[in-house]
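Trainee: Could you walk me through this one? I have the sequence and the picture open, and I would like to take it slowly.
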Amino acid sequence: MLAAIHSATLLGVEGRSVTVEVHVSTGLPAFQIVGLPDEACRESRDRVRAALLSSGLAWPSRRVTVNLAPSSQRKGGSGLDLAIAIGFLVANGDVPSEAVERFGLLGELGLDGSLRPVPGVAPMIAALGGVRPIVPMESHHEARAIAEGEVFVARTLREVVDALTGEAPWPPAPDDEPDIDQPDPPDLVDVRGQAAARLALEVAAAGGHHLLLVGPPGSGKTMLAQRLAGLLPPLSPAMALEATMVHSAAGVRLPAVGMIRRAPFRAPHHSSSMVSLVGGGTSSLRPGEISLAHGGVLFLDELGEFAPTVLDGLRQPLEEGVIRVARARVSASLPARFLLVAATNPCPCGGGAPGSCECDDAARLRYLRRLSGPLLDRFDLRVGVQRPEVDDLLAAGGGETSAVVAARVLAARQRAFERCGLVNAQIPPSHLDLLAPISADARLLLRNELEHERLTGRGYHRIRRVARTIADLHGDSDEVVLEHHVALALQLRVRLRVTSRGQAA
Amino acid sequence: MSTAPPAQAYAAALAGFSLMNVHRLGALLRHHPPEHAFAIASGHAPADGLIGRVLAKPDVRDTWRTCATTHSPERVWQRCHDLGVRVIVYGDPDYPTILLDDPLPPPVLFALGDLAVLEGRRVAIVGTRNATAAGRDVATRLGHGLGASGVHVVSGLARGIDGCAHRGLLGAQGAGRALGVVASGLDVVYPREHLQLWRQVAEHGLLLSEAPPGTSPEAHRFPLRNRIIAAMSELVVVVESREKGGSLITVNEAADRGVPIMAVPGGLHNRSATGSNNLLREGAGAVIDASDVLIALSMDHRRSGPAASDQRARPRRDDIPVYEACAGEPRTIDSIVLAVDVSLAEAAMSLARLEQAGWLGQADGWFEAVGAPLR
């Protein structure tokens, strides 16, 4: 009359193990779910009953109580449907209890008895621990990426029941789809001209430096940003696991192989809300865009059009690599270590060469002031992008391919990791002299820039980190950063007219 | 104030009336002494002619009657007195002679500074508010050169070219002085960031306005201000102007008064120089440096010319192609790499050296040649 089934729910990007207890007794016919279910969870009552009847199983007129343990935690979503249905069958005596005790069940039921995928299968399986997962057919690749042992799949409730009672074998797992990974990201070879911006992408990828692209509409800012993810090395196993968990929890479709191995690229629209960007919202604390960009690139086009509060919300995760979302009863830490690339016009009219802009100084200032301040300060690289020259557009053959650049990026990253175990953008100022010593003439160059007030103290540290990355990319065996590395770093940090007035250089 | 205010106080008060304009004020003051004109405008004396027709309109009559109490001569006079502003009425002995024969002379002028500036040679330097770095640089050097040669510079204290011309002049510390003609009241600094410049002009030169203290910089006042700039100058130099820029109003006013016009040539791709280049095509004299202006004024220009010693270190030989690429038109580092055929790193080094030496300036990733050209 009593059954206990293993299952799990999702909070943030972590699964939480849940035991579904079902009790069937005599009394007035009723079906009750207790243990803090949310709305979707409470509605599973109606889905489960309809699914059982559609699958040709009995629904007796008895009193059914479902408890979701631990009872003090809030449970959300429809992923417990299968566990409740099977729990009922066990308690009713239709399925032997020994048959289910070593399984964990995940999945939503349709009224026709079909089994449907739910978001977060990967983290939920991680939470199940040692038991063997039974998941919907569509979630197979997601489950396989995480599960240590065998994964059982089914298309319908009937198939699960038949397999558990031994009347039929488990349905075979779907063939691994041909190993077409994610579609290839766009290649750098398509970019014509733009020597400085190309270098900036390479430096950003190699050193983990956040990048701001400034240029008129149509100059290719978006095109450049999209190519950055292709320059990043494949994710490390730990990073790949975290990224997979996040994507699974957010219900974003995973690649056929299950695990995310390529650096993701996320480009939320500038009308995005705070919650959609940083995560949270419902009680299950869904990960936001910055967590989906974990290990990859977050691209904010038209940076000035984002709501100021949304941009302020990015500052803490930019520093710490995680975002802590807390609500009244629950809180979760979502991973959010991403490379920020932003694009903006230089002024409301789009601008261009000096003198061709139609905006007056006040309008320009107002426009750029939206960007200034703490966030603008976090971009190590600020590059002006201009429309390519006609000759460049027509010239046969582009520059280097992404593969060539990515190889240099990987080598530079390894060099930096061997030196200090960090990407260069994270070198603390106190370690700069140790990890990024500069030659005497390079020091003189920087000194002059500081004396002419073209560089602030904060900008100085950023230039040195960027110069370190450039030196790593050049692969000069000498560990000292040279003058031309610093000169290039200075060119990758253009002075915006608003910043040249000493607001935030 | 215990004593009755002088005649100028009545004219100053009238200038601040709502619905007053230069024609109405001119008509009032041309035929009547200021006290009587004030009485007419406030409805205490009969009116005839143009003023009679204007006062026949109920809105004007009511507004002026109200203004007569809010803008009382005593109050306006006190305010001018507190600010140190002089009030000069058309026909007064110190009214600028050059404006006496003007087709539309300012009936009342408010002045802050030394009226002796009106005596010397005067050249207007005007141009766009959205100037390029090169344009600002030329304006500064022209102001500097003219100031050093003892020529007074008339300008409007606007952003961009106007401000640069006066800054250059003040920096020269020569015999030439600044004459700023502004559209707002002399205590309403516009644009705000020119507060310092505004004070310096009042201190070392002369600030003039047609509007009494407290008048805000309304858009319709600027074309009227431009007519005074044109009228007070012997020569108008346009540094950079857009195809339909406000400085072309000054040019038209100058042309109406037979004042010669000169212009500084700008790059063909420079939108800020379209208007000034069109002036050159229509026959305006070309100005490359201050000596061109001095020659046009028939003054001795031999002491002028490029600064005797350029403080900047001469660029290295391999930096010169990069400098020359930027001297033609504003360039980004990408276009420099293409034009000069150097590597990105070499271009970056050259740009760093040229910028440090003061040959190039950069904003938003664009490099422009600044200062006297390399010869």
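Mentor: Gladly, and let me begin with a term: the bounds of a domain here come from an automatic or database domain assignment. With that in mind, chain A is divided into domain 1, residues 2-165, and domain 2, residues 188-420. Please also remember throughout that this is a predicted model.

Trainee: OK, so how far apart are the C-alpha centres of domain 1 and domain 2 of chain A?
Mentor: The two C-alpha centres lie 40 Å apart, and the domains do touch, since 18 residues of domain 1 of chain A are in contact with 24 residues of domain 2 of chain A.

Trainee: Which elements give two or more residues to the side of domain 1 that touches domain 2 in chain A?
Mentor: On that side of domain 1 you will find strand 1 (2-11), helix 5 (121-128) and helix 6 (140-146) of chain A. Helix 6 of chain A gives the most, with 4 residues.

Trainee: And how do the residues on that side divide into nonpolar, polar and charged?
Mentor: The side of domain 1 of chain A that touches domain 2 of chain A has 8 nonpolar, 5 polar and 5 charged residues.

Trainee: Let me zoom out a bit. How many helices and strands are there in chain A?
Mentor: Chain A has 21 helices and 16 strands, and its C-alpha trace spans about 90 × 45 × 45 Å along the principal axes. Of the 505 residues in chain A, 51% are buried. If you take the contacts in chain A between residues at least 6 apart in sequence, 75% of them join residues at least 24 apart.

Trainee: I can see a sheet in chain A with strand 15 in it; in what order do the strands come?
Mentor: That is an open sheet of 5 strands in chain A, in the order 11-12-15-10-16, and the pairing is parallel. Strand 11 (265-266) and strand 16 (381-384) of chain A each have a single partner strand, so one side of each is left without a neighbour in the sheet.

Trainee: Can we go into one pair? How many bridges join strand 12 to strand 15 in chain A?
Mentor: There are 4 bridges between strand 12 (residues 297-300) and strand 15 (residues 339-344) of chain A, and these two strands run parallel. To find the place in the picture, look for A:Leu300, which stands opposite A:Ala342 in strand 15 of chain A.

Trainee: Which strands does helix 8 of chain A lie across?
Mentor: Helix 8 of chain A lies across strand 10 (211-214), strand 15 and strand 16 of chain A, and it runs at about 160° to strand 16 of chain A.

Trainee: Now for the partner. How many residues of chain A are in contact with chain B?
Mentor: 30 residues of chain A are in contact with 30 residues of chain B. The elements that give two or more residues to the chain A side are helix 8 (195-207), which we have just met, together with helix 19 (440-451) and helix 21 (483-491) of chain A. Helix 21 of chain A gives the most to that side, with 5 residues, and by class the side of chain A that touches chain B has 14 nonpolar, 11 polar and 5 charged residues.

Trainee: What ipTM does the predictor give the complex?
Mentor: The complex has an ipTM of 0.74, and its pTM is 0.74. For chain B, the average pLDDT is 88, and 97% of the residues score at least 70.

Trainee: How is chain B itself put together?
Mentor: Chain B has 17 helices and 11 strands, and its C-alpha trace spans about 80 × 40 × 40 Å along the principal axes. The domain assignment gives domain 1 (7-82), domain 2 (115-296) and domain 3 (317-369) of chain B, and the C-alpha centres of domain 1 and domain 3 of chain B lie 60 Å apart. Of the 375 residues in chain B, 53% are buried.

Trainee: Is strand 2 of chain B mostly covered or mostly open?
Mentor: Strand 2 (residues 108-113) of chain B is mostly covered, with 6 of its 6 residues buried. Strand 1 (residues 86-89) of chain B is joined to strand 2 by 4 bridges, and the two run antiparallel; there, B:Ile88 stands opposite B:Leu109. Strand 2 of chain B also pairs with strand 6 (residues 206-209) of chain B in the antiparallel sense over 4 bridges, where B:Ala111 stands opposite B:Leu208.

Conventions: Residues are numbered from 1 along each chain as its sequence is written. Chains are lettered from A and ligands numbered from 1 in the order in which they are written. This is a predicted model: local features need pLDDT of at least 70, side-chain atom pairs count only at pLDDT 80 or more; totals for chains, interfaces and linings use all residues. Two residues are in contact if their C-beta atoms, placed from the backbone, lie within 7 Å. Ala, Val, Leu, Ile, Met, Phe, Trp, Tyr, Cys and Pro count as nonpolar, Asp, Glu, Lys and Arg as charged, and the others, Gly among them, as polar. Two strands pair if DSSP finds at least two bridges between them. Axes are lines fitted to C-alpha atoms, for helices over the stretch in contact, and angles run from 0 to 180 degrees between N-to-C directions. A residue is buried if 20 or more other C-beta atoms lie within 10 Å of its own, exposed if 12 or fewer, and partly exposed in between; C-beta atoms are placed from the backbone. pLDDT is the predictor's confidence in each residue, from 0 to 100.
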